[in-house]
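User: Please take me through this structure by question and answer, with the criteria behind each term stated along the way.
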Amino acid sequence: MAANVITGRALTITIDGDDWSSQTAECTLTPTQSSTQYITLSDSAAIVNPATWELTVRAFQDWDDASSLFEALWTAASAGTAVTFSLAVAGGGTFSGDLIPVFPSAGGAADAALESDITFPVNGAVTYTP
């Protein structure tokens, strides 16, 4: 069976109607889920709590570009309003939801492409469409 390789460019972040995907080098959508165990005198039961999500992105800084993801993130983080994302995965499925924009970092090593690692909390549930 042949491998199907999907790159970090399969992420799209939409801010104010504009889509960005070309600046990403790596992205990971990570769930955190816990359960609570209730024990009574006669029985016990485990209740699964809702999952929370984080989207971690390594992106190339594009400050001062005509259409800058980093400037859009800065503005969106200042406003504090959720923005949408979609992440395509191998096999053609897509994860999507709303993330809370955070301020991106600036600067880096003088001898390397400027990158930033950004961890976005996801607001609410994530939807998977096969």
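User: Between which strands does the loop that holds Asp16 lie?
Analyst: This is a predicted model, in which local features need pLDDT of at least 70 and side-chain atom pairs count only at pLDDT 80 or more, while totals for chains, interfaces and linings use all residues. Residues are numbered from 1 along each chain as its sequence is written, and side-chain values use heavy atoms, with hydrogens and water left out. Helices (H or I, at least four residues) and strands (E, at least two) are DSSP runs numbered from the N terminus, and on that basis the loop holding Asp16 lies between S1 and strand S2 (18-20).

User: Is Asp16 buried or exposed?
Analyst: Asp16 has a positive phi of about 50° although it is not a glycine. Buried means under 20% relative accessible area, exposed over 50% and partly exposed in between, with a 1.4 Å probe and protein chains only. Since its relative accessibility is 73%, Asp16 counts as exposed.

User: Which element supplies the largest share of the largest nonpolar core?
Analyst: A nonpolar core is a set of buried Ala, Val, Leu, Ile, Met, Phe, Trp, Tyr and Cys residues joined through side-chain atoms within 4.5 Å. The largest one here has 23 residues, and those with the most contacts inside it include Leu11, Ile15 and Phe120. Among the elements that each supply at least two residues of this core are strand S3 (24-32), strand S9 (115-129) and helix H1 (69-79). The largest share, five residues, comes from H1.

User: Which strands stand at the edges of the sheet?
Analyst: Two strands pair if DSSP finds at least two bridges between them. The open sheet of seven strands runs in the order S2-S1-S7-S8-S9-S6-S3, with antiparallel pairing. One side of each edge strand is left without a neighbour in the sheet, because each has a single partner strand, and these edge strands are S2 and S3.

User: How are the planes of Phe95 and Tyr128 arranged?
Analyst: Rings of Phe, Tyr and Trp (its six-membered ring) pair if their centres lie within 6.5 Å, with planes under 30 degrees apart counted as stacked, over 60 as edge-to-face and the rest as tilted. A search of the whole structure finds four aromatic pairs, one of which, Trp63 with Trp74, is edge-to-face at 6.2 Å centre to centre and 70° between the planes. Trp74, at 42% relative accessibility, counts as partly exposed. For Phe95 and Tyr128 the ring centres are 4.7 Å apart and the planes stand at 40°, so the pair is tilted.
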